[in-house]
Amino acid sequence: MASGNIYLDDLRVKPEVIDPPKDEDLVEVSEDVNDPDQQALKPNLTVASSVHELLECPVCLNAMYPPIHQCSNGHTICSACKPKVHNRCPTCRHELGNIRCLALEKVAATLELPCKFHTFGCSGIFPYFNKLKHESQCAFKPYNCPYAGSECSVVGDIPFLVNHLKDDHKVDMHNGSTFNHRYVKSNPHEVENATWMLTVFSCFGQYFCLHFEAFQLGMAPVYVAFLRFMGDDTEAKNYSYSLEVGANGRKMIFQGVPRSIRDSHRKVRDSYDGLIIQRNMALFFSGGDRKELKLRVTGKIWKEQ
Ligand SMILES: [Zn+2]
Ligand SMILES: [Zn+2]
Ligand SMILES: [Zn+2]
Ligand SMILES: [Zn+2]
């Protein structure tokens, strides 16, 4: 997949860089990740762009939202940065005081802007003050990499992330809706350095992440396995899954609904929304001399209705 799917924070095309687009779809995308705001895909591109420049906070370079503050010389600053500059205007060093810039706030209210995820396919255009709310729940918002156990900051759409998991994290990929996995660990008494594994299943034209890990639940070391859906929560609810672990004539079964990867791995784990196996039980399932963890987890994913 092309690297074009890597998510860039707000994009802006300055009017002097390009001609006003004849076709809205042909707007070039700037690679400047730090440039905070959006180009207006509108005929009054030049006017809108210079208003965007006015709305750019000189400190964080993000678009400013009310309350917008100004110094006595009229330099503006966003409300998030204001507490960080110790009451000194970052532009002229004068005292900032507590002056609102109502004129700029009013101008902002007249703007209509494309959703910042338009490069991911969202065609929505929103009034300035509705844009953030829309973007927080936009269906085209890219997903975070679902790989746990590393601080991976990669984001993208699902096909992009599937390739990323495969190529960059060397994750095991499987086709089919049933699975049979063995987890073996030679020293099961070291729960501290959380052992975790991720396997990706492809079925029903979708992708699912099976997580397995050891962690400390209160004082007790436990193993947990759960499934996450690579997509949004509304779609995740169309699926169910079951996990089964056992040996020696005993077994534990968990049935659940996969959680969207919009919910972080940690959030799902800490809500215990999965198959949880106490270590003593896990060692019992492993048989032998209890020196080695050997769990066989079987599972199944199916579509509801
Ligand atoms: Zn700022
Ligand atoms: Zn100033
Ligand atoms: Zn959107
Ligand atoms: Zn990653």
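## A three-stranded sheet

In this predicted model, three strands form an open sheet in the order E2-E1-E3, and their pairing is antiparallel. Strand E2 (76–77) and strand E3 (99–100) sit at the edges, each pairing on one side only.

Let's look at one of these pairings. Strand E1, made of residues 69–70, joins E2 through two bridges, running in the antiparallel sense. Here Gln70 stands opposite Thr76 in E2.

## The annotated RING-type span

An unreviewed UniProt entry carries the annotation "domain: RING-type" for residues 57–93. In the model, helix makes up 0% of residues 57–93 and strand 11%. The C-alpha atoms at the two ends of this span are 15 Å apart.

## Two nonpolar cores

Now to the nonpolar cores. The largest one holds 37 residues, and Phe208, Ala225 and Leu275 have the most contacts inside it. Several elements give two or more residues to this core, including helix H4 (158–168), helix H7 (279–286), strand E11 (206–217), strand E12 (220–229) and strand E16 (275–278). Another core lies apart from this one; it has eleven residues, among them Cys57, Cys78, Cys101 and Leu113.

## A closer look at Leu275

Which residues does Leu275 touch, leaving aside those up to four places away in sequence? Its partners are Val224, Ala225, Phe226, Leu243, Val245, Met252 and Phe254. One of them, Ala225, is itself listed with Leu275 and Phe208 as having the most contacts inside the largest core.

Terms used: Residues numbered from 1 in each chain as written. Chains lettered and ligands numbered in written order. Predicted model: local features only at pLDDT ≥ 70, side-chain atom pairs only at ≥ 80, totals over all residues. Pairing = 2+ DSSP bridges. Helix = DSSP H or I, 4+ residues; strand = E, 2+ residues; numbered from the N terminus. UniProt positions renumbered as here; feature names shortened; annotations may be inferred. Core = buried A, V, L, I, M, F, W, Y, C linked by C-beta atoms within 7 Å. Buried ≥ 20, exposed ≤ 12 C-beta atoms within 10 Å, placed from the backbone. Contact = placed C-beta atoms within 7 Å.
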